[in-house]
Amino acid sequence: MSLAQIIETKLTQALAPTHLEVNNESHMHNVPPNSETHFKVIVVSEHFSGQRLLARHRAVNQALADELAGGVHALAMHTYTPEEWQAQGAAPDSPKCRGG
């Protein structure tokens with residue numbers, strides 16, 4: 001199972017998202033081909049209702065504690081309630097890597 005699949009499984013189990021995207025953005029960085037070190041996740045969940053951004057990010061960090069302690073070097077998180085996602089419709093693009 002790829003690291004992206006593990007991330008998807010763990011976030012699904014922990015947060016029951018109505019929308020989830022796990023994007024491996026390692027290719028945008030100065031890492032070997034086929035690396036799984038840089039990810040962007042978009043998580044839309046009722047679980048986030050009434051929570052501030054910090055609490056939402058803590059929930060994602062808790063779900064992915066093992067991965068963040070191991071192979072994941074960077075994780076961009078975009079967390080929304082279903083209502084916020086409907087109003088927003090998309091997460092911002094990731095910036096270009098300064099290191100490569």
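Q: A crossing of two helices is called left-handed if the near helix is turned anticlockwise from the far one by less than a right angle, and right-handed if it is turned clockwise; in this predicted model, which hand does the crossing of α1 past α2 have?
A: The two helices meet through Lys10, Leu11, Ala14 and Leu15 on the α1 side and through Ala59, Val60 and Ala63 on the α2 side. Under the convention just given, the passage of α1 across α2 is right-handed.

Q: Which word describes the orientation of α1 to α2?
A: Helix α2 covers residues 53-63, and its axis lies 9 Å from that of α1, with an angle of about 125 degrees between the two. Angles over 145 degrees would count as roughly antiparallel and those from 65 to 115 as roughly perpendicular, and the rest of the range above 35 degrees is oblique, so the orientation of α1 to α2 is oblique.

Q: Which strands stand at the edges of the open sheet?
A: The sheet has three strands in the order β1-β2-β3, and their pairing is mixed. An edge strand has a single partner, so one of its sides is left without a neighbour in the sheet, and this applies to β1 (19-24) and β3 (74-80).

Q: Which residue of β2 is the bridge partner of Val22?
A: Strands of a sheet pair through backbone hydrogen bonds, in either a parallel or an antiparallel sense. Here β1 and β2, the latter formed by residues 38-44, pair in the antiparallel sense over six bridges. Within β2, the bridge partner of Val22 is Val41.

Q: What angle does the direction of α1 make with that of β2?
A: Helix α1, formed by residues 3-15, packs on the sheet and touches both β1 and β2. Its direction and that of β2 differ by an angle of about 25 degrees.

Q: Does Glu67 count as buried or exposed?
A: Glu67 is found in helix α3, which comprises residues 65-69. Leaving aside residues up to four places away in sequence, it touches Leu3, Ile6, Ile7, Lys10 and Val72. Its relative accessibility is 9%, and the cut-off is under 20%, so Glu67 counts as buried.

Q: Among contacts between residues at least 6 apart in sequence, what share joins residues at least 24 apart?
A: The protein has four helices and three strands, arranged along the sequence in the pattern α-β-β-α-α-β-α. Of its 100 residues, 39% count as buried. Among contacts between residues at least 6 apart in sequence, the share that joins residues at least 24 apart is 63%.

How values were computed. Residues numbered from 1 in each chain as written. Predicted model: local features only at pLDDT ≥ 70, side-chain atom pairs only at ≥ 80, totals over all residues. Heavy atoms only, no water. Pairing = 2+ DSSP bridges. Contact = heavy atoms within 4.5 Å. Axes fitted to C-alpha atoms, helices over the stretch in contact; angles between N-to-C directions. Buried < 20%, exposed > 50% of the residue type's maximum accessible area, 1.4 Å probe, protein only. Left-handed = near helix turned anticlockwise from the far one by under 90°.
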